[in-house]
Amino acid sequence: MTPLLPPAGLFRDEKQLADHVLDKLGEWFDIEREVTGRYWTGEQVRIDAVLCPKDTTGWHDQAPALGIEFKQAGGTSHDSIAQAVSYSHCQWDGYDKIGIFLCPGPLTVATERAREANARRQERLGPQELERYRQDARNYGLQFGKVYTERRVEYLARKRHREELGDLRYEEFLARAEGFDNLAAHEDDVALGVQTAQLKLVGHLGVGELLPYENHGWTFTRSEHRIWSQHGGVTDVPWALGPRIGSSRR
């Protein structure tokens, strides 16, 4: 699935983000805002919203409830995840323990934005950049009333391209030696591996993510499993939304 990340600065604050998302989900869920509860040590806590499906057909829980904590870009993923994990052990007024979902999911957002940045950095090394160098060489000659031959254009373009390649860091050369097209491909592979492990881990701790995905719309996921989506409804997930108890899920 391909996440559709909101542009930075699209929402003024977390309340505006929450209003936008909850308005989208109100067709399928009963929504209660600002729900209070207590941590097991007694401290009072509050979560942004709790959603209950209007149609519980297909859900594993008899009374499914999904808690959502909205986060604006800027907070660290570790802080957000730690807060969400603690929320999964809280007794929520009227709901008991519930599954917790971060919106947007910090792990997915961080990985996708890193991938985009790497791809942009590597564009200068691709064939489209070589073609741009060819056009720059033609334009340079025309500035002095000269029409370079294609052989001359190709020479100048590839000379500039080699100079760009000569600026590669050791890590970029190493990535290519390992069979990757470029460093971005290598870093994507590493980031996806880390993301997969982290998503599975926090999922086992009772925390998932809420993000819009291409062809699925707004989607609840946990441990890489799609739980519910706008366009697909509930999926056949064989475990409850609440936190893991002991060595197995309920």
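**Exercise 1.** In which loop is Pro104 found?

*Solution.* Begin by locating the flanking elements in this predicted model: Pro104 is found in the loop between strand 5 and helix 3, the latter covering residues 106-122. Next, examine the peptide bond that joins Cys103 and Pro104, which is cis, with omega at about -5°. As background to this step, most peptide bonds are trans, and most residues other than glycine have a negative phi.

**Exercise 2.** Determine where Glu34 and Asn215 lie, and state for each whether the residue is buried, partly exposed or exposed.

*Solution.* Take Glu34 to start with: this residue lies in strand 1, which spans residues 29-38, and has a positive phi of about 50° although it is not a glycine. Its relative accessibility is 42%, and since partly exposed residues fall between the limits of 20% and 50%, Glu34 counts as partly exposed. Turn then to Asn215, which lies in the loop between strand 6 (207-213) and strand 7 and has a positive phi of about 70°, although it is not a glycine either. Because exposed means over 50%, Asn215, at 65% relative accessibility, counts as exposed.

**Exercise 3.** Describe helix 1 by its span, its start and the placement of its buried and exposed residues.

*Solution.* Helix 1 runs over residues 14-25, twelve residues in all, and reaches 16 Å from its first C-alpha to its last, close to the 16 Å expected at 1.5 Å a residue. The residues of helix 1 that are buried are Leu17, Ala18, Val21, Leu22 and Leu25. They cover an arc of only 115° around the axis and therefore lie on the same side of helix 1. On the other side of helix 1, Lys15 and Asp23 are exposed. Finally, at the start of helix 1, a side-chain oxygen of Asp13 comes to within 3.3 Å of the backbone nitrogen of Lys15.

**Exercise 4.** Which residues touch the most other members of the largest nonpolar core, and which element gives the most to this core?

*Solution.* The largest nonpolar core has 23 residues, of which Leu25, Phe220 and Ile227 touch the most other members. Two or more residues come from each of helix 1, strand 2 (44-53), strand 3 (66-70), strand 5 (99-103), strand 7 and strand 8 (225-229). Helix 1 gives the most to this core, with five residues. To follow one member outward, note that Leu25 touches Ile31, Leu51, Leu210, Trp218, Phe220 and Trp228, when residues up to four places away in sequence are not counted. A second, separate core of 17 residues includes Val45, Val85, Tyr87 and Val202.

**Exercise 5.** Place Thr221 within its strand and list its contacts, leaving aside neighbours within four places in sequence.

*Solution.* Thr221 lies in strand 7, which comprises residues 217-222. With a relative accessible area of 9%, and because buried means under 20%, Thr221 is buried. Beyond its neighbours within four places in sequence, Thr221 is in contact with Met1, Phe101, Gly208, Glu209, Tyr213, Arg226 and Ile227. One of these partners, Glu209, is twelve residues away along the chain, and its C-alpha atom is separated from that of Thr221 by 5.4 Å.

**Exercise 6.** How many helices and strands does the protein chain have, and what percentage of its residues count as buried?

*Solution.* The secondary structure comes to seven helices and nine strands, and of the 250 residues of the protein chain, 41% count as buried. Among contacts between residues at least 6 apart in sequence, 58% join residues at least 24 apart. The protein chain exposes about 14000 Å², of which carbon and sulfur atoms supply 51%.

Terms used
Residues are numbered from 1 along each chain as its sequence is written. This is a predicted model: local features need pLDDT of at least 70, side-chain atom pairs count only at pLDDT 80 or more; totals for chains, interfaces and linings use all residues. Side-chain values use heavy atoms; hydrogens and water are left out. Buried means under 20% relative accessible area, exposed over 50%, partly exposed in between (1.4 Å probe, protein chains only). Contact means heavy atoms within 4.5 Å. The expected span of a helix is 1.5 Å times one less than its number of residues. The arc is that of the directions from the helix axis to the C-beta atoms. A polar contact is a pair of N or O atoms within 3.5 Å; within protein, one must be able to donate a hydrogen and the other to accept it, and residues adjacent in sequence count only if both atoms are side-chain atoms. A nonpolar core is a set of buried Ala, Val, Leu, Ile, Met, Phe, Trp, Tyr and Cys residues joined through side-chain atoms within 4.5 Å. Accessible areas come from the Shrake-Rupley method with a 1.4 Å probe; for residues, only the protein chains shown count as cover.
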